[in-house]
Amino acid sequence: MRWHRLAAIVRKEVIQISRDLPSLLITVAMPLLLMLAFGYGVRFDIQHIPVYVYDREGSQQSQEFLKHFQASQYFNVVKTVDNYPTLIQALDAGACRLAIVIPVNFSEQLKTGGPVSVQALIDATDNNMANVSISYSEAVVQNYNREIQIDWLRRHGQAGLQPPLTVDTRTWFNEDLESTATIVPGVVAIIMAVIGAFLTSLTIAREWERGTMEQLISTPVTPLELMVGKLVPYFVIGLLDTALCAGMAIWWFQVPFHGQWSVFFLSCTLFLIVVLSMGYVVSVVAKSQLAASQTALIATFLPAFLLSGFIYPIDQMPVVIQLITHLIPARYFMTIIRDVFLKGTSIPLLLNDLLALAIFAILLTVLATRAFHKKLS
Amino acid sequence: MLGRIRGMLIKEFIQVFRDKRSRFLLFGPPVIQMIVFGYAATLEIRHIPTAVLDFDNSQVSRDLLSRFTASPYFDVRTRLSDHRQIGDLIDRGAVTVALQINAGFAQDLRKGQTAHLQLIVDSSNSNTALIAVGYVNQIAGRFSQDYQRERLLATSPLIQSQLPSIVLDRRPWFNTDLDSQWFFVPGVIGNLILVMVVSLTAFAVVREREIGTLEQIMVTPIGRLEFILGKTVPFFLIGLFDATLVSLVGTLWFGVPFRGSIGVLAVGAILFILCMLGIGLFISTISMTQQQAMVSGFFFNMPAIIFSGFGNPISSMPDFMQWLTYLDPLRYFLDVLRGVFLKGLGLEVLWPQMAAMGVFSLVMLIISVARFRKSLD
């Protein structure tokens with residue numbers, strides 16, 4: 001490797017990038033956009049589930065019961081209706097996700113004792129939301145039951161009844177169960193995958209498509225110099241974006257950072273090498289920019305998004321898919337970055353993941369240097 | 001004019017179907033993405049790795065813990081004897097939940113005092129943590145109820161039989177088994193059409209500009225409108241074909257029901273593809289290189305997917321984000337997809353969504369065509 005040739009390639013690439021001002025601006029805007037979109041758009045804490053109620057009795061007690069739904073932050077009682085067809089229409093149209101129907105002789109039945117059945121019609125299209133609606137409405141019902149039972153027992157001369165069991169919950173690492181604390185650190189990995197996929201993957205394909213590859217081949221530059229030269233500018237952009245993301249995570253979204261910066265940047269560097277090499281290989285193989293972009297989407301971005309545990313938990317996937325995730329570098333990076341941010345984990349506990357990333361980095365750089373041959377087709 | 005459009009169309013189709021690689025690109029990526037998404041995307045949480053620590057070791061404490069062992073939501077992996085082990089296990093990520101019962105548990109219950117169950121949760125993944133806390137509370141609540149009932153039954157059976165209570169009669173509609181594939185698969189169809197049509201359309205025009213063949217076309221007698229039609233009609237057809245293909249994969253492979261009419265879905269798909277053609281054309285007017293087109297495409301795609309309600313319910317987003325979702329055509333198309341697949345809805349319910357997409361596509365196409373004229377001159 002000759003330094004002056006390497007420097008020349010780097011300079012050429014930097015000039016090319018800086019001439020393309022819109023793309024350059026976008027590399028800065030991208031982390032901001034993704035951070036905001038994921039930070040605000042992806043929330044696991046389901047709240048304000050729209051609810052319709054149909055009170056077939058309309059007594060004081062039924063209203064009292066429904067108030068418990070209104071008071072819950074998880075439900076948003078949008079409307080009270082007086083017939084089934086309207087209710088069904090609302091569920092069809094998605095105007096409500098949950099409909100509570102109170103039977104005609106609700107208070108009477110409660111007086112005579114024994115269980116009274118209250119209907120909960122659930123739009124289960126979104127299975128997760130349906131699950132959550134069920135468990136929150138169960139909680140509302142349980143609370144109400146306890147209230148009326150205590151009251152009833154007191155009136156029948158029994159001592160006030162204490163709940164036999166309570167759960168003392170302690171949540172570690174993310175006390176308020178904030179979605180942003182889980183999602184936002186992961187966005188760093190997504191950003192890097194995007195840079196690898198969308199920027200690097202076009203660098204070689206572009207030369208082929210524009211016909212400038214012939215000129216490059218006729219120079220004494222070696223494949224290794226070409227690769228390193230092409231990737232260095234994107235590496236720098238990637239690191240800047242990472243720092244930008246980390247800054248936003250900490251100052252804008254208030255995600256705690258408990259770990260060490262050295263571990264953070266070490267893992268970022270390794271992962272950046274992985275995605276850049278991947279993008280480069282795709283670029284060499286694909287030849288056209290359209291093909292390169294589509295392939296890169298599937299090879300780098302999609303796995304980082306879907307199979308890394310970013311949003312969808314890996315241990316819930318079918319076993320075959322779980323095995324495949326071991327081949328996805330983003331999976332290891334995702335673990336590291338979350339642990340470093342939220343748990344403050346240091347190197348000894350992260351050794352396996354770091355090693356896996358390092359192995360991928362070595363394999364892919366070797367593959368990248370081998371992929372390109374100085375030949376015309 | 002028709003002859004010229006035909007010439008343009010033939011040229012485009014040749015370009016699209018020219019070699020094996022580009023033919024694969026049209027149909028391979030959507031099917032791969034469909035399958036990976038279908039298997040990987042689930043927010044359901046089961047088999048949460050759990051450790052238990054029972055200092056009381058009484059019959060009731062064992063009864064309580066056995067309810068966790070029996071539950072499909074918890075996977076009780078280790079029984080500990082020292083509470084210091086909990087920290088270690090959670091730090092390593094070996095367990096997500098630890099349950100601890102202190103000595104005196106059975107005694108508290110017997111004396112009618114409130115007994116405590118200690119719950120420690122790793123909340124670095126807030127989704128898993130939220131769901132785990134919910135399940136623990138459900139199990140604890142049921143234990144409480146059962147215990148209370150037995151106690152009353154022993155002391156005053158008459159009172160027990162008259163104790164008022166409400167039971168929730170849950171009826172999940174449209175997706176009775178709460179299957180997450182039924183929820184995600186129709187959504188993926190929308191995502192794929194969005195990504196495919198936008199990037200193909202944007203690339204097709206920008207490619208001509210970048211490699212300099214646009215000038216050649218401009219010197220032919222082809223008019224602006226003919227050029228635009230020639231560029232969009234092929235992708236419109238490919239979009240429709242891909243929509244059919246992934247819908248078939250969804251129903252035949254994943255077994256998602258198709259309860260509505262194909263006609264309604266077709267109307268929705270056509271309107272949505274028109275929206276995406278408008279976006280693709282618009283991107284091509286603001287991009288000089290394919291790299292710019294790709295990045296701008298991503299800039300549109302990512303928020304469009306996140307804010308459509310694809311994975312996370314819109315009703316849980318911050319208010320101002322909820323308003324923004326009305327500008328997202330994918331939001332409407334997802335209503336149509338899920339409405340037709342799972343709910344079997346017709347136009348009488350879905351017309352507002354259709355109208356919204358119609359207006360969006362019209363506005364977008366007019367803006368793009370207007371800008372397009374300028375950008376060609």
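This is a short talk on how two chains share their sheets and how some of their helices pack.

Hi everyone, and thanks for coming. Please keep in mind that this is a predicted model, in which local features need pLDDT of at least 70, side-chain atom pairs count only at pLDDT 80 or more, and totals for chains, interfaces and linings use all residues. Residues are numbered from 1 along each chain as its sequence is written, while chains are lettered from A and ligands numbered from 1 in the order in which they are written.

Let's start with the domains, whose bounds come from an automatic or database domain assignment. Chain A is split into domain 1, covering 3–42 + 178–371, and domain 2, covering 49–155. Taken over C-alpha atoms, the centres of these two domains of chain A are 49 Å apart. For chain B, the assignment gives domain 1 as 2–41 + 178–376 and domain 2 as 48–162. Here the C-alpha centres of domain 1 and domain 2 of chain B are separated by 50 Å.

Now, how many residues does each chain bring to the contact? Chain A gives 102 residues and chain B gives 102 residues, where two residues are in contact if their C-beta atoms, placed from the backbone, lie within 7 Å. On the side of chain B that touches chain A, helix H6(B) supplies the largest share, 16 residues. That side of chain B is made up of 53 nonpolar, 35 polar and 14 charged residues. For these classes, Ala, Val, Leu, Ile, Met, Phe, Trp, Tyr, Cys and Pro count as nonpolar, Asp, Glu, Lys and Arg as charged, and the others, Gly among them, as polar.

A word on labels: helices (H or I, at least four residues) and strands (E, at least two) are DSSP runs, numbered from the N terminus. Strands of a sheet pair through backbone hydrogen bonds, either parallel or antiparallel. Two strands count as paired if DSSP finds at least two bridges between them.

On to the first sheet. It is open, has five strands with mixed pairing, and runs in the order E5(A)-E4(B)-E3(B)-E1(B)-E2(B). Which strands stand at the edges? They are E5 (165–172) of chain A and E2 (74–80) of chain B, each with a single partner strand, so one side of each has no neighbour in the sheet. On average, neighbouring strands are turned by 25° against each other, direction ignored. Angles run from 0 to 180 degrees between N-to-C directions, and axes are lines fitted to C-alpha atoms, for helices over the stretch in contact.

Look at where the chains join: E5(A) and E4(B) run parallel and are linked by eight bridges. In this pair, A:Trp172 sits opposite B:Asp122 of E4(B). Further along, E1 (residues 48–54) of chain B pairs with E2(B) in the parallel sense over six bridges, and B:Val52 faces B:Arg79 in E2(B).

Two helices lie across this sheet. H3 (residues 59–70) of chain B lies across E1, E2, E3 (97–101) and E4 (115–122) of chain B, at about 170° to E1(B). H6 (residues 126–155) of chain B lies across E5 of chain A and also E1, E3 and E4 of chain B, at about 165° to E5(A).

Here is the second sheet. This open sheet of five strands has mixed pairing and the order E2(A)-E1(A)-E3(A)-E4(A)-E5(B). Its edges are E2 (75–81) of chain A and E5 (164–173) of chain B, each with a single partner strand, so one side of each is left without a neighbour in the sheet. From one strand to the next, the twist averages 25°. Strand E1 (residues 49–55) of chain A runs parallel to E2(A), joined by six bridges, with A:Val51 opposite A:Val77 in E2(A).

Finally, let's follow one helix, H13 of chain A. H7 (residues 179–210) and H13 (residues 329–343) of chain A pack at about 140°, their axes 9 Å apart. These two helices are therefore oblique to each other; angles under 35 degrees count as roughly parallel, over 145 as roughly antiparallel, 65 to 115 as roughly perpendicular and the rest as oblique. Residues making this contact include A:Pro185 and A:Gly186 of H7(A) and A:Phe333 and A:Arg338 of H13(A). By class, the contact of H7(A) with H13(A) has 11 nonpolar, one polar and one charged residues.

H13(A) also meets H14 (residues 347–371) of chain A, where the axes come within 9 Å and cross at roughly 140°. Among the residues in this contact are A:Tyr332 and A:Phe333 of H13(A) and A:Leu354 and A:Phe360 of H14(A). Thanks for listening!
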